[in-house]
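Trainee: Could you take me through a close look at one pocket and what surrounds it? I am new to this, so please take it step by step.

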Amino acid sequence: MSQLSTGLTAAERENLKFLLSMAAGGIISGHAQGISKELRDKALGVSQQSLPKLLAGPREKYPTGIVFHGRAPFLSDEQLTTLDQESRECRSRAERFMDHYVASGAPAAREASLSEPVRAFLGETVGAVAPTRRANYLYYDEPGLGIDPHVDKDEFSLNILTMLEHRSGGGQRSELILHPPGQDAIHFHLQPGESLVFFADSVTHQRTRTVADESIRLVSFGYRTLEGNS
Ligand SMILES: [Fe+2]
């Protein structure tokens, strides 16, 4: 697959990536029940393992696709407070995108995504990246919102996802799940202020559906990696 990708144009590679991600997402979501489990597992393995290989670059250093999880050193408490406030203010203009709401173009989010500490952190971990100027507030604040297993387009090759608020009535809660190739799924319950930095273009991921009385606000910064094929 890596060999094949070297002969493809950027657009062809993006199409192949799209087909592989649809295959992986479809199988994980249970849309391939008509074929045997053996074949299904094989198809899932091939599609998931091909995605990072197709894109190569710094992804090989991160077999789970996860670069960092925790309280990010590149975001100050003050910045988190500002982002939280701006996220609340932007809710009224957020637009529905599939099964969640998105507000883009907010100035504080954009400024934070372009800050020197973020650039330095990414430079030390994954190497040089190009900010795509994509900084979105995400809202899962009605019952039944979520996002099915998918991989992102190259504006979010690398995603810094930060939890701003997660309210729930207790019991079952929506969670973020990553499906790294050939490994068990990894479940995240991000705490407010915690970030996950991961290769969203090559590791299948999803957010399970929100339940009654649950409300989630996140901010997501997108970057494009410069090494490798992408
Ligand atoms: Fe995503």
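Mentor: Start with a term. A residue is called buried when its relative accessible area is under 20%, exposed when that area is over 50%, and partly exposed in between. Keep in mind that this is a predicted model.

Now go to the largest pocket. Its space comes to about 1100 Å³. It has 42 lining residues, and the closest to its centre are Phe97, Met98, Ile147, His150 and Asp152. By class, the lining has 16 nonpolar, 14 polar and 12 charged residues.

Which elements build that lining? At least two residues each come from helix H2 (10-28) and from strands E3 (100-104), E4 (129-140), E5 (147-150), E6 (158-167), E10 (204-207) and E11 (215-225). H2 gives the largest share, 8 residues. Two domains take part as well. Domain 1 (2-61) and domain 2 (66-225) each contribute at least three residues to the lining.

Pick out Met98, one of the residues closest to the pocket centre. Methionine 98 sits in the loop between strand E2 (95-97) and E3. Is methionine 98 buried or exposed? Its relative accessibility is 59%, so methionine 98 counts as exposed. Its backbone stands out too. Phi is positive, about 50°, although methionine 98 is not a glycine.

Next, look at His150 and Asp152, also among the residues closest to the centre. Both are donors of the iron ion. The protein donors are His150 (NE2), Asp152 (OD) and His205 (NE2), and they lie 2.1 to 2.2 Å from the ion. Along the sequence, the donor residues follow the spacing H-x1-D-x52-H. Distant parts of the chain are linked here: aspartate 152 is in the loop between E5 and E6, while histidine 205 is in strand E10, 53 residues apart. Aspartate 152 and histidine 205 are both buried.

Stay with E10 and move on along the chain. Aspartate 213 lies in the loop between E10 and E11. Its phi is positive, near 65°, and aspartate 213 is a residue other than glycine. Aspartate 213 is exposed because its relative accessible area is 63%. Then comes serine 215, in strand E11. Serine 215 has a relative accessibility of 9%, so it counts as buried. Compare its place with that of tyrosine 140. The two are 75 residues apart along the chain, but their C-alpha atoms are separated by 5.9 Å.

Back to H2, the element with the largest share of the lining. Test its length first. At 1.5 Å a residue, its 19 residues should span 27 Å, and the end C-alpha atoms are indeed 27 Å apart, so the two values agree. Which residues of H2 are buried? They are Arg13, Leu16, Lys17, Leu20, Ser21, Ala24, Gly25, Gly26 and Ile27. Here is a rule to read that list with. An α-helix has 3.6 residues a turn, so residues three or four places apart point the same way. Just after H2 comes glycine 30, with a positive phi of about 85°.

For contrast, turn to the second largest pocket. Its volume is about 200 Å³. Thirteen residues would be a lot to memorise, so keep the ones nearest its centre: of the 13 that line it, these are Gln49, Pro52, Lys53, Arg59 and Glu60. Its lining divides into 6 nonpolar, 4 polar and 3 charged residues. Domain 1 (2-61) and domain 2 (66-225) each supply at least three of its lining residues. Helix H3 (residues 37-55) provides the largest share, 3 residues.

Give H3 the length test too. Its 19 residues should span 27 Å at 1.5 Å a residue, and its end C-alpha atoms are 28 Å apart, which agrees. Its buried residues include Leu44, Ser47, Leu51 and Leu55. Pro52 is buried as well, and Pro52 is among those nearest the centre of the second largest pocket.

After H3 comes alanine 56, with a positive phi near 50°. Alanine 56 belongs to the loop between H3 and strand E1 (66-71). At 15% relative accessibility, alanine 56 counts as buried. Its C-alpha atom is separated by 31 Å from that of tyrosine 101, 45 residues apart along the chain.

Notes:
Residues are numbered from 1 along each chain as its sequence is written. This is a predicted model: local features need pLDDT of at least 70, side-chain atom pairs count only at pLDDT 80 or more; totals for chains, interfaces and linings use all residues. Side-chain values use heavy atoms; hydrogens and water are left out. On a 1 Å grid over the protein atoms alone, a cavity is a set of points where a 1.4 Å probe fits but cannot get out, and a pocket is an open set with protein on both sides within 12 Å along at least five of seven lines; lining residues have an atom within 4 Å of a point. Grid points are joined across faces, edges and corners, and a volume is the space filled by probe spheres set on the points. Helices (H or I, at least four residues) and strands (E, at least two) are DSSP runs, numbered from the N terminus. Ala, Val, Leu, Ile, Met, Phe, Trp, Tyr, Cys and Pro count as nonpolar, Asp, Glu, Lys and Arg as charged, and the others, Gly among them, as polar. Domain bounds come from an automatic or database domain assignment. Donors are N, O and S atoms within 2.8 Å of the metal (3.2 Å for Na, K and Ca); water is not among the atoms, so sites may look incomplete. Buried means under 20% relative accessible area, exposed over 50%, partly exposed in between (1.4 Å probe, protein chains only). The expected span of a helix is 1.5 Å times one less than its number of residues.
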